[in-house]
Amino acid sequence: MLKQSINIKLGTQLKLTPQLKHSLRILQLSVMDLQGELQQQLESNVMLERVNADESDALISENTDAPATENETELASEDHWDDVPTSELDTNYTKSSGKSSDLPEMRDFADHRQETLNQHLASQIDLERLPEHERICLEYLIDALDSDGFLIEPLNELHEQLQSLIGPFPKKDLSQALSVLQDCDPAGIAARDLSESLQIQLRRLDLDKEYRGICHGITQHLDLLAKNNTRALRRLCRTSEQKLNKAVEIVRNLNPRPGARFAQTENIHVVPDVVVKRHLGQWVIEVNQSWLPNIRVNKHYAKCIRGRGNDDLKQQLQEARWLLQGLAMRGETLIKVSQAIVSRQSEFLEHGEIAMQPMMMRELAKLLSVHESTISRVVANKYMQTPRGTYPLRFFFSSQITNDAGEAHSATAIKGMIEKLINAENPGKPLSDNKLTQLLKEDGIQVARRTVAKYREALGLGSSSERRSSK
């Protein structure tokens, strides 16, 4: 016989408030995405208004010199507004590590509303409905795709990087997330190489078993296909010339760059979220707000609904407040993270990639006393303009290789050294991967030959025999 009983269980659970969720979403938006978000909010939320440049200057002066009026004081003390005075609820919160410098003019950019590959994939997976752990894995994989839609970094390295952010978890979870991603449109996305991408596309075609097998064999020998060596392909696939020719036509009609249609065209420029300049011997950091409208809460509307029961307007007022607080949080956090990056990578800014220092997100999170996921959100889809060029913020984080003496070297710096050695080599006698490994070891950097080969290929540099024939 079943007995009913009441049990009391005490536990803790972390929950994100709507305000915090809103702030975190604002935090990870790039300056271009944020511009679109603010424009949409201005159109849909009657409690928000745009501040013109002249009016903004007057507002700053008024807030600095003039005492608050009685109405402003009453409004500031209203319920739900006690911690943020109305006079401060605007987007004029620029932070800088030095004197203000002129931001670059950016008026000739193409329409930024074109859907990106990241947005296209995220919309299919519906990340908001996934458990937190699965969502993080998928977001990390999507962010790791290159412009052609390939996953260049090995899954082992991605697993290690993600573990440093969220703690230990089974590698199979990341593999399962990759399988989910590879089922998305366009076909062939998130493959590790061209062969795997073509095989993923073939699985979606309505082919009979025989032709599917022949096509699969061709994808495993793409070097022979490139050389049009049909005799060798026919022998390896054990088929007739007629069937091979039909299978080759099928493979050639597949898309070798599944993510390319989402890539930005040459006319679309990257808009930096952060600008770094040299001023009086110091690095000056500014958040780029030249693209963002200056907005604030409409005081008149806010005062009109005070004490009244219009829930829709009160909700809009609350959302306006959250938006402005989220903007302030984004600007302050972006400045702090950028300052830490510039401080750590100052040698890179002076001397280039060979001076890049190893840096992990968990190190920066510990330094700034924030969670690793906050750093990940800050650097996602954002760019830093420096005197050396404009780089994704993720560029400044690289894995490290430690030698026998315990010295750590950035993978980016090692790539820079490999490129420097190859550029200085004798064209008639190019350096082999073994020789490059030996030269790096003499400089105190001990890496495996296969690692050197991987970095060389990532730089788009051919083998020693290919470089000899090309020079």
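Trainee: How many helices and strands does the protein have?
Mentor: This is a predicted model. Helices and strands both occur in the protein. The count is 22 helices and eight strands.

Trainee: What share of the residues is buried?
Mentor: Buried here means under 20% relative accessible area. The protein has 471 residues. The buried share of them is 42%.

Trainee: How much area does the protein expose, and what part of it do carbon and sulfur atoms supply?
Mentor: The exposed area is about 27100 Å². Carbon and sulfur atoms supply a part of that area, namely 47%.

Trainee: Among contacts with a separation of 6 or more, what share joins residues 24 or more positions apart?
Mentor: Contact means heavy atoms within 4.5 Å. Of the contacts with a separation of 6 or more, the share from residues 24 or more positions apart is 68%.

Trainee: What is the strand order in the open sheet of four strands?
Mentor: The pairing in this sheet is mixed. Strand 3 (282-287) and strand 6 (389-392) are the edge strands, since each pairs on one side only. From one strand to the next, the twist averages 25°. The order is 3-2-5-6.

Trainee: In which sense do strand 2 and strand 3 pair, parallel or antiparallel?
Mentor: Strands of a sheet pair through backbone hydrogen bonds, and either sense can occur. Six bridges link strand 2 and strand 3. One bridge partner pair is Val-276 with Ile-285, the latter in strand 3. The sense is antiparallel.

Trainee: Which residue in the hairpin of strand 2 and strand 3 takes a positive phi?
Mentor: The hairpin has two residues between the strands. The residue in question is not a glycine, yet its phi is about 55°. At 72% relative accessibility it counts as exposed, because the cut-off for exposed is over 50%. It is Leu-280.

Trainee: Do strand 2 and strand 5 run parallel or antiparallel?
Mentor: Two bridges join strand 2 to strand 5. Val-275 stands opposite Gln-385 in strand 5. The two strands run parallel.

Trainee: What is the bridge partner of Thr-386 in strand 6?
Mentor: Strand 5 (residues 383-386) runs antiparallel to strand 6. Four bridges join the two. The partner of Thr-386 is Gly-389.

Trainee: Which helix lies across strand 2, strand 3 and strand 5?
Mentor: The helix covers residues 311-344. Its direction is at about 155° to strand 3. It is helix 15.

Trainee: What distance separates the end C-alpha atoms of helix 13?
Mentor: Helix 13 (residues 241-252) has twelve residues. At 1.5 Å a residue, they should span 16 Å. The distance in the model agrees with this: 16 Å.

Trainee: Within what arc do the buried residues of helix 13 fall?
Mentor: The buried residues are Leu-244, Ala-247, Val-248, Ile-250 and Val-251. Seen down the axis of helix 13, they line one face, because their arc is limited. The arc is 160°.

Trainee: Which exposed residues does helix 13 carry on the face turned away from its buried side?
Mentor: The buried residues of helix 13 are covered by elements that include helix 9 (194-203), helix 10 (209-219), helix 11 (222-226) and helix 12 (230-237). The face turned away from the buried side carries Gln-242 and Glu-249.

Trainee: Is Leu-222 buried, partly exposed or exposed?
Mentor: Leu-222 lies in helix 11. Leaving aside neighbours within four places in sequence, its contacts are Leu-194, Ser-195 and Leu-198. Its relative accessible area is 21%, and buried requires under 20%, so Leu-222 is partly exposed.

Trainee: How far apart in space are Leu-222 and Leu-233?
Mentor: In sequence, Leu-222 and Leu-233 are eleven residues apart. C-alpha to C-alpha, the distance is 9.5 Å.

Trainee: What is the relative accessible area of Arg-238?
Mentor: Arg-238 is found in the loop between helix 12 and helix 13. Its phi is positive, about 55°, although Arg-238 is not a glycine. Arg-238 is exposed, with a relative accessible area of 78%.

Trainee: Which residue does a cis peptide bond join to Asp-185?
Mentor: Omega for this bond is about 0°. The partner lies in the loop between helix 8 (171-182) and helix 9. It is Pro-186.

Terms used. Residues numbered from 1 in each chain as written. Predicted model: local features only at pLDDT ≥ 70, side-chain atom pairs only at ≥ 80, totals over all residues. Heavy atoms only, no water. Buried < 20%, exposed > 50% of the residue type's maximum accessible area, 1.4 Å probe, protein only. Areas by Shrake-Rupley, 256 points an atom, 1.4 Å probe, with all protein chains shown as cover. Pairing = 2+ DSSP bridges. Axes fitted to C-alpha atoms, helices over the stretch in contact; angles between N-to-C directions. Expected span 1.5 Å × (residues − 1). Arc of directions from axis to C-beta.
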